[in-house]
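Work through the exercises below with the coordinates open, and try each task before you read the solution that follows.

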Amino acid sequence: MASPSSRLQTKPVITCLKSVLLFYTFVFWYAGFLSIIFLIELIAAIVGFVFRHEIKNSFQTSFTSAIDGYNSTVDPRSDAVDSIQKNLHCCGVKDYHDWEHTEYFNQKGVPRSCCIQPSNCTEEELKDQSKVQSKVFSKGCFLLVTSVMEEKIGIVAGISFGIACFQLIGIFLACCLSRYITNNQIGRA
């Protein structure tokens with residue numbers, strides 16, 4: 001039977017070996033986790049590319065329904081319409097005439113978010129078809145939003161490609177480290 005002092009000397013070695021095996025397991029799971037994330041990103045990119053026309057149609061339908069249900073109170077969809085119209089300097093889906101068929105137009109005319117200079121628009125001018133043309137943006141929002149999306153898609157794709165490259169490097173290095181640990185364990189046995 002071994003003396004207590006020799007057992008105390010082997011305990012740190014066993015603990016060290018256990019931690020190496022635990023580290024190997026974590027490296028293996030890390031590579032697997034990165035691989036799963038990479039596959040999800042790849043699938044999302046493919047689905048986005050394949051269904052890009054459906055995304056445009058969905059945006060057009062959603063924006064049209066948001067205009068139809070527009071009210072100037074605290075409604076998230078109405079706030080989104082106002083934000084798009086103010087920031088992109090546009091009005092309506094195709095043009096400001098889209099507002100003529102809404103309940104909001106019957107009450108208050110075209111929204112102030114369509115005004116070129118909001119301080120220079122009155123409610124009477126926004127209801128009057130002959131005056132509103134000179135007061136509001138003439139371009140529709142759908143074409144502007146889709147053109148901005150198409151302009152920015154290159155930037156998004158470049159950033160996504162860069163992230164994917166780092167993930168692939170991480171997967172490769174984790175697999176190399178796991179193989180190195182496995183080979184050293186087999187070599188010592």
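The expected span of a helix is 1.5 Å times one less than its number of residues. The model used throughout is a predicted one.

**Exercise 1. Compare the expected span of helix 3 with the distance between its end C-alpha atoms.**

Solution. Begin with the residue count, which is 13 for helix 3. At 1.5 Å a residue, and with the count reduced by one as the definition asks, helix 3 should span 18 Å. The end C-alpha atoms of helix 3 are 18 Å apart, which agrees with the expected span.

The procedure can be repeated for helix 2, whose 17 residues should span 24 Å. The end C-alpha atoms of helix 2 are 24 Å apart, and here too the two values agree.

**Exercise 2. Determine which residues of helix 3 are buried, and how they are arranged around its axis.**

Solution. The cut-off needed is that a buried residue has under 20% relative accessible area, while an exposed one has over 50%. By this criterion the buried residues of helix 3 are Ser78, Val81, Asp82 and Gln85. Viewed down the axis of helix 3, these buried residues fall within an arc of 95°, so they line one face of the helix. The spacing can be understood from helix geometry: an α-helix has 3.6 residues a turn, so residues three or four places apart point the same way. On the face of helix 3 turned away from the buried side are the exposed residues Pro76 and Asn87. Just beyond, helix 3 is followed by histidine 89, which has a positive phi, near 55°.

In helix 2, the residues Phe63, Ala66 and Ile67 are buried. They cover an arc of only 95° around the axis, which puts them on the same side of helix 2.

**Exercise 3. Identify which cysteines are joined in the disulfides, and work out which parts of the chain each pair connects.**

Solution. The structure holds three disulfides, a cysteine pair being counted when its sulfur atoms are within 2.5 Å.

1. Cysteine 90 is joined to cysteine 141, with a sulfur-to-sulfur distance of 2.0 Å. Cysteine 90 lies in the loop between helix 3 and helix 4, whereas cysteine 141 lies in helix 7, so this pair ties together parts that are 51 residues apart in sequence. The link of cysteine 90 and cysteine 141 is right-handed, with 95° about the S-S bond, and both of these cysteines are buried.

2. Cysteine 91 is joined to cysteine 114, with a sulfur-to-sulfur distance of 2.1 Å. Cysteine 91 is in the loop between helix 3 and helix 4 and cysteine 114 in the loop between helix 4 and helix 5, so the pair ties together parts that are 23 residues apart in sequence. The link of cysteine 91 and cysteine 114 is right-handed, with 90° about the S-S bond. Cysteine 91 is buried, its relative accessible area being 0%, and cysteine 114 counts as buried at 0% relative accessibility.

3. Cysteine 115 and cysteine 121 form a disulfide in which the sulfur atoms are 2.3 Å apart. The torsion about the S-S bond of cysteine 115 and cysteine 121 is about -135°, so this disulfide is left-handed. Cysteine 115 and cysteine 121 are both buried.

With bonded cysteines counted along the chain, the disulfides follow the pattern 1-6, 2-3, 4-5. Cysteine 176, by contrast, is in no disulfide, and the nearest cysteine sulfur, that of cysteine 175, is 7.1 Å away. Cysteine 176 is partly exposed, with a relative accessible area of 36%.

**Exercise 4. Describe the largest pocket by its volume, its lining residues and the helices that supply them.**

Solution. Start from the volume: about 740 Å³ of space lies in the largest pocket. The lining comprises 23 residues, and the closest to the centre of the pocket are Ala45, Gly48, Phe49, Ile153 and Ala157. Next, assign the lining to helices: helix 1, helix 2 and helix 7 each supply at least two residues, and helix 7 gives the most, with twelve residues. Finally, sort the lining by class, which gives 15 nonpolar, four polar and four charged residues.

**Exercise 5. Find how far apart the C-alpha atoms of serine 35 and isoleucine 171 are.**

Solution. First locate serine 35, which is in helix 1 and is partly exposed, with a relative accessible area of 26%. Although serine 35 and isoleucine 171 are 136 residues apart along the chain, their C-alpha atoms are separated by 6.7 Å.

Note on methods: Residues are numbered from 1 along each chain as its sequence is written. This is a predicted model: local features need pLDDT of at least 70, side-chain atom pairs count only at pLDDT 80 or more; totals for chains, interfaces and linings use all residues. Side-chain values use heavy atoms; hydrogens and water are left out. On a 1 Å grid over the protein atoms alone, a cavity is a set of points where a 1.4 Å probe fits but cannot get out, and a pocket is an open set with protein on both sides within 12 Å along at least five of seven lines; lining residues have an atom within 4 Å of a point. Grid points are joined across faces, edges and corners, and a volume is the space filled by probe spheres set on the points. Helices (H or I, at least four residues) and strands (E, at least two) are DSSP runs, numbered from the N terminus. Ala, Val, Leu, Ile, Met, Phe, Trp, Tyr, Cys and Pro count as nonpolar, Asp, Glu, Lys and Arg as charged, and the others, Gly among them, as polar. Buried means under 20% relative accessible area, exposed over 50%, partly exposed in between (1.4 Å probe, protein chains only). The arc is that of the directions from the helix axis to the C-beta atoms.
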